[in-house]
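Please open the model in your viewer and keep the selection panel at hand. The tour goes from the whole chain to two single residues.

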Amino acid sequence: MIREAFHDTDFTLPVVNIQPEGDVTLVNLPTYFEVRFPEAGFGPDEVDTPDPARLLGYRIEVRPRLKSVTYHLGERTVGPTTSLGGPHPTGDVTATYTRPGTHEVRADIVYTGQFRVGGSDWFDIPGEVDLEGTPVTLTVREAKARLYTN
C-alpha cells in the first residue's frame, strides 16, 4: 500500500530554465541549463501525506528523492546525473550549438522514495518513478557582424 501511495503522489515535473533568457541563444555561444521545480506537486524532499483511509488508518509521510536527471538538449544528451545545472557562469550543464535552428529541450527525472510512520526514521520504498519533463523550444540564431563607416 505504501508503494502504491508513493506512485500516486502528485509529483512536480521539472522545467528547464535556459540562459541566455528568453529561450533564444546564438551559434557558438555557451548556453546554460538549470532544472527548476514548479510549486504544483511534490518535488525532491517535499513531504506528502496520503489519506490515512487508504492505509488502514495509519498516518504516513512519503517523500520523493532525486535519483537522476537526464537533459535532452537537441543535439546531445547529458546524464543521467544528479546535477540540477545552474545559471551562467557557474552552471555545469551547458551546450554550444554549431548551427541555427530550433531544438526541443527537456529534463527527465527519476525519483526514488522514502516513507515514515508517526515521525519514525525514513525507510526506502522499493522501485522508482521515471517522469518526462516539460519540453521547451530553444531557438538558435546566427549573428552576423557588419562594419559600417560613419
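What follows is a series of selections, each with a note on what is there.

This is a predicted model, in which local features need pLDDT of at least 70 and side-chain atom pairs count only at pLDDT 80 or more, while totals for chains, interfaces and linings use all residues. Residues are numbered from 1 along each chain as its sequence is written, and side-chain values use heavy atoms, with hydrogens and water left out.

**Select the whole protein chain.** In cartoon view, look for one helix and nine strands, with the helix coming before the strands as you move from the N terminus; helices (H or I, at least four residues) and strands (E, at least two) are DSSP runs, numbered from the N terminus. If you turn the protein chain along its principal axes, its C-alpha trace spans about 80 × 25 × 25 Å. The radius of gyration of the protein chain is 20 Å, whereas a compact globule of 150 residues would have one near 15 Å; the radius is taken over C-alpha atoms, and the globule rule is 2.2 Å times the number of residues to the power 0.38.

**Switch to a surface.** Of the 150 residues, 38% count as buried, where buried means under 20% relative accessible area, exposed over 50% and partly exposed in between (1.4 Å probe, protein chains only).

**Now select Thr9.** This residue is found in the loop between helix H1 (2–7) and strand S1 (15–19). Is Thr9 buried or exposed? With a relative accessible area of 6%, Thr9 is buried. Leaving aside neighbours within four places in sequence, Thr9 is in contact (heavy atoms within 4.5 Å) with Phe42, Asp48 and Val62, and these can be added to the selection to view the surroundings of Thr9.

**Next, select His72.** You will find His72 in strand S4 (residues 60–72), where its relative accessibility of 21% makes it count as partly exposed. Which residues does His72 contact, once its neighbours within four places in sequence are left aside? They are Thr77, Glu104, Val105, Arg106 and Asp108.

**Keep His72 and show the side chain of Asp108.** The two side chains make a polar contact at 2.9 Å; such a contact is a pair of N or O atoms within 3.5 Å, and within protein one must be able to donate a hydrogen and the other to accept it, while residues adjacent in sequence count only if both atoms are side-chain atoms.

**Finally, add His103.** Although His72 and His103 are 31 residues apart along the chain, their C-alpha atoms are separated by 9.4 Å.
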